[in-house]
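Visitor: I am new here and would like to understand the words people use for this model. Could you show me around?
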Amino acid sequence: MPNKRTYDTLVLEGGSLRCAFTAGVLDAFAAIGYNPFRRCFAVSAGAMALTSFLSGQRKHFIDVATDVAEDGKFIRLMSAWSEEGVMNLAHLFDHVRRHRPLDLEAAAFNARRSHIRFVTTDFETGKPLYLNPVSGDWLRILWASATLPLVTRGKIKVDGKWMFDGGISDALPLDAAIQAGGKNILMVRTRPSGAHYEQGWMDVFATYWYKESPAIVDLYENGHHRYNHVVDRLLTGGEGRVKWREIAPLKPLRSEGFRVQKEDLLADYHHGLARALDWLSGDEGE
């Protein structure tokens with residue numbers, strides 16, 4: 001495997017509040033000034049964690065996550081059929097704007113020499129889109145990357161195009177990273193290495209809800225197969241001259257689902273810190 005300083009590409013899996021783990025990994029990197037990455041791909045809440053990393057605001061993600069987990073306005077099961085859905089992203093971004101603003105100028109400055117892409121999904125075609133937040137509306141692209149049908153508002157318009165969560169079309173953008181020139185890729189996961197996921201009730205319901213859109217139906221019918229295929233590829237460690245490595249939780253994270261408490265988020269965040277420090281110190285036997 002490559003020396004840790006030769007990793008040129010960072011890929012961040014999404015996973016909503018499970019990205020407390022990702023925030024822990026990135027805060028460990030920030031604490032020691034580790035950032036050799038020339039390109040970064042971030043999915044869903046992973047894009048917000050990456051923004052905090054690029055802005056130099058350590059603990060920003062976990063502070064925001066614990067704030068909204070406690071205030072009772074971000075996750076509301078009784079709001080499932082409202083415009084904002086179970087997870088109220090409008091409230092989340094309003095909280096960030098009012099109480100914990102992101103330093104987007106610093107993020108853009110620190111990203112100026114990197115290929116930064118946030119993954120979203122085209123609502124018309126179902127294809128993944130890889131958007132450059134530096135040259136666009138950073139916050140709106142961030143919002144689009146995390147907008148999950150049936151869970152949040154559903155879709156967001158960016159530059160005249162409707163889009164939603166990139167995790168539906170490309171949850172583990174390994175091929176996109178390779179096509180962008182990545183040779184030594186570090187993938188930060190929010191599920192344990194090798195763990196598959198199966199089609200859930202929400203996926204089944206979505207195939208009915210979007211039955212007039214075959215492209216979207218295909219994402220929900222077959223997305224788990226595509227995801228599991230990449231999970232298995234990651235276990236190989238590379239293909240040809242392209243090498244990769246995962247930093248993944250050792251067990252399923254506590255910040256899963258819609259009943260997440262502050263202590264769950266903090267546990268996953270500290271697990272991410274520990275896993276990153278173990279990886280950096282070579283304790284995983286690289």
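Visitor: What makes helix 2 (residues 45–55) count as largely enclosed by the rest of the structure?

Guide: Welcome! First, this is a predicted model, where local features need pLDDT of at least 70, side-chain atom pairs count only at pLDDT 80 or more, and totals for chains, interfaces and linings use all residues. Residues are numbered from 1 along each chain as its sequence is written, and side-chain values use heavy atoms, with hydrogens and water left out. Buried means under 20% relative accessible area, exposed over 50%, and partly exposed in between (1.4 Å probe, protein chains only). In helix 2, 11 of the 11 residues are buried, so the helix is largely enclosed. Among them are Met48, Leu50 and Phe53.

Visitor: Why is strand 3 also called largely enclosed?

Guide: Seven of the eight residues of strand 3 (residues 115–122) are buried, so this strand earns the description too. Helices (H or I, at least four residues) and strands (E, at least two) are DSSP runs, numbered from the N terminus.

Visitor: How do you know that strand 2 and strand 3 pair?

Guide: Two strands pair if DSSP finds at least two bridges between them. Strand 2 (residues 39–43) and strand 3 have five bridges, in the parallel sense, and Ala42 stands opposite Phe118 there.

Visitor: What makes strand 4 and strand 6 partners of strand 3?

Guide: Strand 4 (residues 128–131) has four antiparallel bridges with strand 3, including one that joins Leu131 to Phe118. Strand 6 (residues 161–165) runs antiparallel to strand 3 and has three bridges with it; here Asp122 stands opposite Met163.
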